[in-house]
Amino acid sequence: MSENRHAGATADPHETWHGRATNRVQWLLALIGGGCIALGVELAVDSAWNSGNAPLVMSVVGCIAAGLLVLFGTLAFVHVAVKVDRDHLEIRCGHIGLPRRRIPLDQVVTADFVPTVTPRHWGGWGYRWRPEKGTAVIVRRGEGVMLMLGDGHIFTITVDDAESAVRIIRDRLRPEPAGSAA
């Protein structure tokens, strides 16, 4: 499901490449979060709780807080959008684009295609950090892009058509031939 405005094998350095990855399973988790919120509201509105107000308030607040955490935590990582323009790679997560990361291409040393990136290897879905692996945005199992940054950090993103993204990034990392004017 890659929306790719790149045509052909050679990249025009002025074109912008767009890619995306989606995980529909996380909608189920979002529904569970919505259910927790609904339970909290139901407890607050129509409760036959006879043990005093403190346990009721704790139950209502706990259900609503857990529901909001699950709901917004999953909706933030239902999909990721990746954009590679002339100077930057930008990653936006979820429907409102947060969290967002913008990496200048002049800070990228290498870009590599990774055929299989799994949430299991990163400790789940989302924005992840592991000392031995670096940082990643994982929204589903599958292909991805791994960037080695100039400061020694590694950044991995799951995205459809990752091979095209790597090709575009590598083309933009190469210095322009002498005598070519933009």
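The expected span of a helix is 1.5 Å times one less than its number of residues. Keep that in mind as you click through this predicted model.

**Stop 1: helix α1.** Select residues 25-45, which make up α1. With 21 residues, α1 should span 30 Å, and its end C-alpha atoms sit 31 Å apart, which agrees.

**Stop 2: the two sides of α1.** Now show side chains on Gln26, Ala30, Gly33, Gly40 and Leu43, the buried residues of α1. They take up an arc of only 140 degrees around the axis, so they lie on the same side of α1. What do they pack against? Add 53-75 to your selection: that's α2, and the buried residues of α1 pack against it. Then spin the view to the face turned away from the buried side, where you'll find Leu28, Leu31 and Val45 exposed.

**Stop 3: the main core.** Nonpolar side chains tend to be buried together in soluble globular proteins. Here the largest nonpolar core counts 27 residues, and Val80, Val82, Leu89, Ile91, Leu147 and Ile169 have the most contacts inside it. To see where this core comes from, color the elements that give it two or more residues: strands β1 (17-22), β2 (79-84), β3 (88-93), β5 (108-117), β8 (142-149) and β9 (154-158), plus helix α4 (162-173). Which of them gives the most? That's α4, with five residues.

**Stop 4: Ile169.** Center on Ile169 and pull up its contacts: leaving aside residues up to four places away in sequence, Ile169 touches Val84, Leu89, Leu105, Val108, Ala111, Val145 and Leu147.

**Stop 5: the other core.** Apart from the 27-residue core lies another, of five residues. Select Val114, Val117, Ala136 and Ile138, which are among them.

Notes. Residues numbered from 1 in each chain as written. Predicted model: local features only at pLDDT ≥ 70, side-chain atom pairs only at ≥ 80, totals over all residues. Heavy atoms only, no water. Helix = DSSP H or I, 4+ residues; strand = E, 2+ residues; numbered from the N terminus. Buried < 20%, exposed > 50% of the residue type's maximum accessible area, 1.4 Å probe, protein only. Arc of directions from axis to C-beta. Contact = heavy atoms within 4.5 Å. Core = buried A, V, L, I, M, F, W, Y, C linked by side-chain atoms within 4.5 Å.
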